Amino acid sequence: MVLKVTVNGWRAARTLWLLLLVSLSVCISVCRATSSREEDSAMENIVTEKKAEESHRQDSADLLIFIMLLTLTILTIWLFKHRRFRFLHETGLAMIYGLIVGVILRYGIHVPRDISNVTMSCHVNASPATLLVNVSGKFYEYTLKGEISANEVNDVQDNEMLRKVTFDPEVFFNILLPPIIFHAGYSLKRRHFFRNMGSILAYAFLGTVISCFIIGLLMYGCVMLMKQMGQLGGDFFFTDCLFFGAIVSATDPVTVLAIFNELQVDVDLYALLFGESVLNDAVAVVLSSSIVAYQPQGDNSHTFEVMAMLKSFGIFLGVFSGSFALGVATGVVTALVTKFTKLRDFQLLETALFFLMSWSTFLLAEACGFTGVVAVLFCGITQAHYTFNNLSPESQDRTKQLFELLNFLAENFIFSYMGLTLFTFQNHVFNPMFIIGAFIAVFLGRAANIYPLSFLLNLGRRNKIRSNFQHMMMFAGLRGAMTFALSIRDTATYARQMMFSTTLLVVFFTVWICGGGTTQMLSCQRIRVGVDSDQDNSMSIAEGSERRSTKQESAWLFRIWYNFDHNYLKPILTHSGPPLTATLPPCCGPLARFLTSPQAYENECQLKDDDSDLILTDGDINLTYGDITVSTDASGAHTSSGPAFAGAATSDDLDRELAYGDHELVMRGTRLVLPMDDSEPPFPDPRHGLRM
């Protein structure tokens with residue numbers, strides 16, 4: 001009995017030990033497996049961190065390339081200015097440096113990469129922007145970089161380096177373009193702009209549309225010829241040709257205007273070129289988006305249909321007017337905030353708010369489906385007209401210098417990048433016949449813009465646009481940053497790739513050849529230089545009616561607008577202008593006292609017209625201050641009378657106000673003392689007063 005119990009206990013102990021050993025083995029195996037997975041995960045994390053660090057270093061090196069390009073460009077600009085070289089502008093120089101770096105990156109640098117790690121067996125029917133891949137239960141996210149041709153599969157190690165220096169096209173639209181366009185509106189010299197306002201609007205709106213359709217029709221004929229000759233490798237429709245016409249109709253005469261400033265060329269010629277280039281960029285952007293929106297009914301989306309065309313025209317008007325309203329509204333809001341708050345006591349906060357409100361106009365317009373270029377342009381004009389007067393002197397200087405600097409850096413960065421992309425862009429399509437046709441079409445489109453419109457405008461102008469001015473405007477139709485930004489924004493199709501490659505060559509040719517030959521063209525056309533704008537305006541007054549604008553040039557609508565702006569908008573939005581208690585009806589007394597700035601009451605007996613540079617009209621204008629109305633007759637004599645509202649002014653008086661824009665008209669008793677104040681933000685360097 002005792003033996004039987006002993007045997008059973010031994011068997012139970014043996015079974016227990018076996019179970020214990022098995023459990024221990026399983027635990028050891030699990031621990032080893034877990035440890036192995038942890039080691040693998042740790043190794044994978046180390047590899048990922050090393051790749052991220054390498055990518056960070058590569059990105060820093062790529063940005064360093066552009067910084068060094070800009071630094072070298074600035075040093076060379078100084079040398080050119082010191083030696084007074086005018087045959088090559090800084091933008092053309094930046095393009096040359098970009099070309100040199102592009103050649104080095106394309107043919108001189110090879111980044112090693114293990115091509116055996118590339119998997120070729122993943123087949124999908126589309127090219128999604130983001131791809132999730134399941135690898136042994138782990139999900140990985142991959143981002144689309146772009147299409148490469150079959151013969152470039154083995155050259156991925158070179159393509160990787162070139163992709164690193166290729167920016168997202170949205171960077172140009174959201175980061176680089178806003179300060180350039182805003183600076184154009186903020187630095188607009190309104191005195192000469194409004195003198196030629198009718199002609200500028202004709203060239204910018206009607207001329208851009210004419211140029212777009214002329215270029216589009218000619219390029220469509222060229223494309224049809226290429227198709228007949230078998231030189232077309234993909235689809236190319238008439239809407240694509242019109243889109244090409246729209247983007248290359250955006251002029252950017254940076255080089256020409258810079259030389260005009262240095263040589264002090266005739267102010268009217270400068271105003272015509274500068275005003276056209278400022279506005280036609282906005283027109284070209286809206287026009288190109290309207291062409292893209294053209295969508296007929298039915299299967300064939302590229303046939304002509306009247307309703308689709310009318311819809312596109314409606315989109316053009318809606319987008320332009322909406323963008324215009326949004327830009328002006330943002331400027332008005334900024335003016336109200338700076339007027340009714342004490343931000344001017346904190347100059348840094350004041351400048352920061354001005355900067356953010358101005359930049360947000362572009363992004364807000366794009367987010368709402370409008371065009372940011374139009375919005376930020378008119379926001380800049382509104383800010384210069386109203387908000388600038390509310391800023392403290394320190395913030396006035398800061399905002400001018402800030403946007404001047406951003407404009408300079410952004411312009412040169414874009415032109416450097418143009419040279420770089422000629423060799424680093426992966427999908428260039430260079431077709432000799434298309435390129436030759438594009439140059440001919442651009443030339444004829446510019447001619448169809450300038451000469452017929454100049455002939456029609458001269459029918460109503462006393463101060464004619466002379467033939468040598470027309471030839472100079474024809475020659476100065478350079479293409480630049482806006483054309484490049486519009487063409488690089490979409491390069492997905494064969495047609496867009498061909499347009500982008502051709503656009504680069506057009507920009508290179510116009511900047512180098514036309515920009516470099518500006519001085520020689522001025523001499524050839526015998527256009528006078530060394531003309532000081534103030535002396536020119538004084539001479540215009542002395543000459544009397546010979547230099548006086550006609551009613552056709554100075555529209556009655558603008559005359560009415562000036563009176564309304566001076567008596568109501570300026571007092572509401574700024575600290576200047578007459579008190580609203582003197583201009584609004586008596587029933588609006590409480591509201592007028594609330595909206596009128598205390599400074600306006602302090603200066604009630606002082607006539608200070610900050611916008612005298614805007615006026616160039618043929619009627620009479622009476623400026624009402626309290627119980628006194630001050631008017632001016634043709635002889636320059638000033639009279640005052642009892643309470644009255646603003647009427648119209650004589651053209652001699654308005655020319656006088658235009659010429660004495662740097663003075664202030666002060667009334668003390670019965671004595672009127674000139675000067676008048678010009679409120680537009682002056683730029684310390686005349687060269688930066690233009691659109692870079």
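**A tour from helix α14**

Start by selecting Ile440, which sits in helix α14 (helices are DSSP runs of H or I with at least four residues, strands runs of E with at least two, both numbered from the N terminus). The model is predicted, so local features need pLDDT of at least 70 and side-chain atom pairs count only at pLDDT 80 or more, while totals for chains, interfaces and linings use all residues. Numbering runs from 1 along each chain as its sequence is written, and side-chain values use heavy atoms, leaving out hydrogens and water.

Ile440 counts as partly exposed because its relative accessibility is 48% (buried is under 20% relative accessible area, exposed over 50%, partly exposed in between, with a 1.4 Å probe and protein chains only).

Next, add Leu218, Ile436, Phe443 and Leu444 to Ile440: together they make a nonpolar surface patch of about 480 Å². Patch residues have over 30% relative accessible area and no salt bridge; like charges are joined within 9 Å, and nonpolar side chains (Val, Leu, Ile, Met, Phe, Trp, Tyr) within 5 Å. Helix α14, residues 432–458, gives the most to this patch, with four residues.

Now colour by pLDDT, the predictor's confidence in each residue from 0 to 100. The chain average is 75, and 68% of the residues score at least 70. Among the elements, α14 has the highest mean, 94, and strand β6 (residues 664–668) the lowest, 33. Select residues 1–5: pLDDT is below 50 there, and the stretch has zero contacts beyond near neighbours in sequence (contact means heavy atoms within 4.5 Å). Residues 535–554 are also below 50 in pLDDT, but this stretch has 45 contacts beyond near neighbours in sequence. Where pLDDT is low, predicted coordinates should not be read in detail.

Move to Glu350 in helix α11, residues 347–367. Glu350 is buried without a salt bridge, and the nearest side chain of opposite charge, Arg344, is 5.1 Å away. A salt bridge needs a side-chain nitrogen of Lys or Arg within 4 Å of a carboxyl oxygen of Asp or Glu; Lys and Arg count as positive, Asp and Glu as negative, and His and the chain ends are not counted. Leaving aside residues up to four places away in sequence, Glu350 touches Leu343, Arg344, Asn390, Leu391, Ser392 and Ser395.

Last, select Thr596, in the loop between α22 (589–595) and α23 (598–602). Thr596 counts as buried because its relative accessibility is 6%. Its C-alpha atom is 9.9 Å from that of Tyr568, 28 residues apart along the chain.

Technical notes
Accessible areas come from the Shrake-Rupley method with a 1.4 Å probe; for residues, only the protein chains shown count as cover.
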